[in-house]
Amino acid sequence: MIRMTAYKWVPTAVHGLVRDLRVRWALEEAGLPYEVQLVERGPEQATAEFRAWQPYGQVPAYEEDGLTLFESGAIVLHIAEKSEALMPKTLRAQVLQWSLAALNSVEMATMLPMLMRFGGVPDGAPRDWALDFCRARLRDTAAVLKDRDYIVCERFTAADILMATVLSELRDTDLVEKEPGIAAYHARCLARPAYKKALADQLRTFAENAPTA
Ligand SMILES: N[C@@H](CCC(=O)N[C@@H](CS)C(=O)NCC(=O)O)C(=O)O
């Protein structure tokens, strides 16, 4: 049986962004049954047992027949290796390439505008630089998507789970909507039933465990 961790509750500002969503989405696409182990934010993340599973005290982490994994990208790719739906053997190298592009070349740019929102980075040079950097990454990614519906080719793969969830990090900015090719791609990925199910499950957990005033 597959077991993964997710937070019991987080503030609304990050609903739909917590990275267990990537793992839930991949498992739904692959049609694999799984259990979710809910984690309380705070001391539970600091225990030796938890750190042995996720060294940074974060979610998600994953367990399957004694194999333990952390890092959402590694987990999604592990699931993809089991599923032609996520990583056809003939496309393995390209799926790996675009998964790393999502988590490195693109996420390093999308994290900055997201962190600004939470960290209150003042107007001025660093902020403008980070936004320009992100715009350039989106423009270059949009150029690739001009010729195809998904990031590897005409069909959906695990790399789209990673790329689309990375793009979701920009949801409170106008960066995605200003790049229509990216906006259409993002909407296409999030329209998938497996994504909708994964998101609904994550949000239901938060609603069920919301602190009472
Ligand atoms: N690179 C890691 C990042 C994991 C991560 O940032 N998890 C966040 C939730 S999305 C978390 O647990 N944050 C709480 C913390 O860092 O204490 C991955 O992709 O799994």
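A pocket, as the word is used here, is an open set of grid points with protein on both sides within 12 Å along at least five of seven lines, and its lining residues have an atom within 4 Å of a point. With that in hand, let's work through this predicted model.

**Exercise 1. Describe the largest pocket and find which helix gives the largest share of its lining.**

Step 1: Start with the volume, which is about 690 Å³ for the largest pocket. Of the 25 residues that line it, the closest to its centre are Leu 17, Val 18, Arg 19, Gln 58 and Val 59.

Step 2: Look at the helices. Helix 3 (72-81) and helix 4 (92-119) each supply at least two residues of this lining. Helix 4 gives the largest share, with six residues.

Step 3: Sort the lining of the largest pocket by class: 13 residues are nonpolar, six are polar and six are charged.

**Exercise 2. Locate the ligand and list its surroundings.**

Step 1: The ligand sits in the largest pocket.

Step 2: Now collect the residues with a heavy atom within 4 Å of the ligand. They are Tyr 7, Val 18, Arg 19, Arg 22, Gln 45, Gln 58, Val 59, Pro 60, Glu 71 and Ser 72.

Step 3: Class by class, this shell comprises four nonpolar, three polar and three charged residues.

**Exercise 3. Find side chains that make polar contacts with ligand oxygen atoms, then state how much of the ligand is buried.**

Step 1: The cut-off for a pair of N or O atoms is 3.5 Å.

Step 2: Check the pairs. For Gln 58, a side-chain N or O atom is 2.9 Å from an oxygen atom of the ligand. For Arg 19, a polar side-chain atom lies 3.2 Å from a ligand oxygen. For Gln 45, the distance from a side-chain N or O atom to an oxygen of the ligand is 3.4 Å. These distances fall within 3.5 Å, so they count as polar contacts.

Step 3: Turn to the surface. The ligand taken alone exposes 510 Å², and the protein buries 71% of that.

**Exercise 4. State how many cavities of 30 Å³ or more the structure holds, and describe the lining of the largest.**

Step 1: There is one cavity of 30 Å³ or more, and the largest cavity contains about 60 Å³ of space.

Step 2: Its lining is made of Gly 16, Leu 17, Val 18, Arg 19, Leu 21, Arg 22, Thr 165, Ser 168 and Glu 169. The elements that give two or more residues to this lining are helix 1 (20-30) and helix 6 (158-168).

Step 3: By class, the lining of the largest cavity splits into three nonpolar, three polar and three charged residues.

Terms used:
Residues numbered from 1 in each chain as written. Predicted model: local features only at pLDDT ≥ 70, side-chain atom pairs only at ≥ 80, totals over all residues. Heavy atoms only, no water. Polar contact = N/O pair within 3.5 Å; in protein donor to acceptor, adjacent residues only side chain to side chain. Areas by Shrake-Rupley, 256 points an atom, 1.4 Å probe, with all protein chains shown as cover. 1 Å grid on protein atoms, 1.4 Å probe; cavity = no way out; pocket = protein on both sides within 12 Å on 5 of 7 lines; lining within 4 Å. Sits in = over half its atoms within 2 Å of the grid points. Nonpolar A, V, L, I, M, F, W, Y, C, P; charged D, E, K, R; others polar. Points joined across faces, edges and corners; volume = space filled by probe spheres on them. Helix = DSSP H or I, 4+ residues; strand = E, 2+ residues; numbered from the N terminus.
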